[in-house]
Amino acid sequence: MSDSARAGRVAALAAATFALAASGAPALADGGPERGAESYGVAAEFGAAGKPRDVLLHPESGKLYVGSDDNPDTEADERGLHVLDPATGRVRGLVAQAPGSTGALRPSAVARIAGPLPGDGVLLHYPLRGVGTAKDGDAAVKGVWLTGSSITDIGPGVTPGTVLVAQGAKLTEVDAATGAPVRGLTLPGGGRFAVDAARNTVWFADFTGRRLSKVDTASFTVTASVELAPSENGSGFVEADPETGAVWVGVQKAVYVFDAALGLKKTIQGGDYAKDAAFDRASHRAYVVWQDGGSGTGGDDNTGALTVYGTGDFAQAVAPVPLPGNHGQLGAASVAVQPGGDAVYVTNPAQGRVTRLERRTAPKVTGQPEDRSVKDGESVTFTAAATGTPAPTVRWQSSKDGGRTWAYAAGESAAAYTFTAKADRDGHRFRAEFANEAGTAHSAAATLKVAAAGDGDTGSGSDGGQQSGGSTGSPGSTGSPGTSGGSDTSGTSGSTDGSTGATGTSGTSGASGGSVGGTTDGGSVGGGSVGGSGARDAYGSGGSLAATGASTALPLAGASAGLLALGWVAYRRGRGA
């Protein structure tokens with residue numbers, strides 16, 4: 001399949017899995033999620049690993065190991081152990097050869113992966129009776145060829161240096177290096193098993209004989225058994241939950257959960273055939289993959305599913321994820337989960353690919369916008385934040401009717417929403433809408449208060465009249481508004497020779513405490529007052545003192561009165577002389 005075709009398939013699967021957010025914006029409660037909480041969706045399909053038969057995500061190295069057979073739809077021989085980058089599906093390596101019955105290396109498929117090796121690598125089974133180990137970078141599997149019948153299952157040994165193998169009804173512990181049997185047990189029938197090393201238990205399933213047996217690994221004897229539901233084709237799966245000790249058994253279209261004493265705890269019914277299960281300790285969940293029959297009859301729809309359950313209450317944790325094209329005609333699917341559950345890998349032998357699914361969590365608001373008060377024409381910014389997987393997108397909304405209805409702000413898709421405040425938006429409310437495939441959440445609403453530009457502290461200018469020999473000075477011109485911090489604005493002085501100068505008219509109020517001074521010509525004193533934040537002193541033209549602030553207006557008034565008083569005394573003395 002070409003990259004473009006594969007990308008189209010992924011997009012189609014993602015679209016089938018999720019319903020995207022509606023374009024409308026209903027007036028819902030602020031500050032919380034409104035749609036969904038968690039889900040899984042198809043993120044990628046890896047098609048370079050042949051026909052996958054088993055999968056394991058190494059808990060230490062993080063590499064994705066895929067045991068595969070040859071895919072007849074491709075020209076290359078893809079048998080072997082594939083090592084993939086779990087994020088991109090890029091092939092890191094391929095271990096394509098293993099020793100056969102004579103010890104000579106030859107191309108070989110990998111049928112089962114039993115578990116991880118310390119640090120990196122896996123324990124595996126290759127057909128028909130091969131047992132070995134391999135890791136990224138190896139040229140060939142290091143293995144041995146067992147005697148007896150074909151291996152039907154493999155698992156980690158319960159003592160150092162050993163491996164457990166099932167050859168039909170016979171369970172044997174063998175030396176991993178030589179293949180020599182250490183001890184064995186023959187049961188009435190079976191072929192699949194699961195190991196719970198922490199509890200010294202092997203769960204051995206005989207689907208044809210409808211029997212699940214509990215084997216004590218210390219004595220290597222059967223200590224208990226229970227009857228299973230019938231299986232039409234004698235197949236199913238058995239997996240042990242390492243956290244709780246429960247054993248999950250898939251038979252036909254159901255999963256049966258037994259406790260350590262073989263008490264039935266839960267029956268989970270499905271619409272397809274139960275094929276495999278994996279467990280995640282961190283999230284306390286079980287991941288079960290179901291395959292369609294693929295026959296095209298009897299309700300088969302060619303679509304499998306992944307379901308997720310709590311391992312304590314067995315409740316379904318998320319909605320089932322459809323897996324189109326995953327059917328059992330060419331082999332059983334297997335599943336692996338990333339610790340924490342952020343990613344899940346499901347094999348699809350019928351279509352020769354591994355599907356990567358990612359967890360989607362609905363947005364959760366972590367930062368709320370705050371109320372703002374500004375003046376008309378000033379810039380204002382609202383901010384909000386949210387978490388979610390994948391990272392949520394954000395759109396801002398506004399309401400002019402107290403939050404009853406909301407409208408989107410055109411083109412605003414950042415966590416910070418900045419615009420110029422206008423008087424007609426006074427009292428409007430603003431909130432952020434966060435959305436991803438899993439859900440939608442709205443922040444709390446913040447209110448905007450917009451005041452008129454002239455509101456607040458003001459200043460007033462004053463114009464000085466000129467004294468130039470007795471004529472009346474003309475009124476001073478209106479002072480221009482002062483800017484913030486204080487600027488001097490000169491009034492126009494009157495000037496007629498010989499006339500007595502009159503005080504000019506006061507200037508228009510300045511914004512934000514700006515100072516306005518009146519200029520003088522020929523030594524006259526201009527009077528006026530300004531806001532408290534104006535300049536303390538200024539000098540007008542011609543060397544005369546111009547009044548510029550409230551702090552100078554009163555002293556200058558006193559000085560003027562004193563000068564008049566001195567003039568009167570001098571006049572009296574002159575008349576009395």
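**Entry 1. Elements around the largest pocket**

I began with the strands and found that seven of them, E2 (51-57), E8 (112-116), E12 (153-156), E16 (192-196), E20 (236-240), E24 (273-280) and E28 (335-337), each give at least two residues to the lining of the largest pocket. I note at once that the model is a predicted one.

**Entry 2. Size and lining of the largest pocket**

I looked up the volume of the largest pocket and recorded about 1,300 Å³. Its lining consists of 40 residues, and those closest to the centre are Leu 56, Ala 114, Gly 115, Pro 116 and Glu 239. I then sorted the lining of the largest pocket by class and obtained 28 nonpolar, four polar and eight charged residues.

**Entry 3. The second largest pocket**

For the second largest pocket I recorded a volume of about 540 Å³. I counted 25 residues in the lining of this pocket, with Arg 53, Ala 111, Arg 112, Arg 192 and Ala 332 nearest the centre. Elements E2, E20 and E24 are the ones that contribute two or more residues to this lining. Which element gives the largest share of the lining of the second largest pocket? I found that E2 does, with four residues. By class, I listed ten nonpolar, six polar and nine charged residues for the second largest pocket.

**Entry 4. Val 195**

I next turned to a single residue, Val 195, and located it in strand E16. Is Val 195 buried or exposed? I entered Val 195 as partly exposed, because its relative accessible area is 22% and buried would require under 20%. Beyond its neighbours within four places in sequence, I found Val 195 in contact with Pro 156, Val 158, Leu 164, Thr 201, Val 202 and Ala 240. One of these partners, Pro 156, stands 39 residues from Val 195 along the chain, yet I read a separation of 7.3 Å between their C-alpha atoms.

**Entry 5. Confidence of the model**

Finally, I consulted the confidence values. The average pLDDT of the protein is 80, and 72% of the residues score at least 70. I marked two stretches for caution. Over residues 1-35 the pLDDT stays under 50, and the model has 68 contacts beyond four places in sequence for this stretch. Residues 457-577 likewise keep a pLDDT under 50, and for them I noted 210 contacts beyond four places in sequence.

Conventions: Residues are numbered from 1 along each chain as its sequence is written. This is a predicted model: local features need pLDDT of at least 70, side-chain atom pairs count only at pLDDT 80 or more; totals for chains, interfaces and linings use all residues. Side-chain values use heavy atoms; hydrogens and water are left out. On a 1 Å grid over the protein atoms alone, a cavity is a set of points where a 1.4 Å probe fits but cannot get out, and a pocket is an open set with protein on both sides within 12 Å along at least five of seven lines; lining residues have an atom within 4 Å of a point. Grid points are joined across faces, edges and corners, and a volume is the space filled by probe spheres set on the points. Ala, Val, Leu, Ile, Met, Phe, Trp, Tyr, Cys and Pro count as nonpolar, Asp, Glu, Lys and Arg as charged, and the others, Gly among them, as polar. pLDDT is the predictor's confidence in each residue, from 0 to 100. Contact means heavy atoms within 4.5 Å. Buried means under 20% relative accessible area, exposed over 50%, partly exposed in between (1.4 Å probe, protein chains only).
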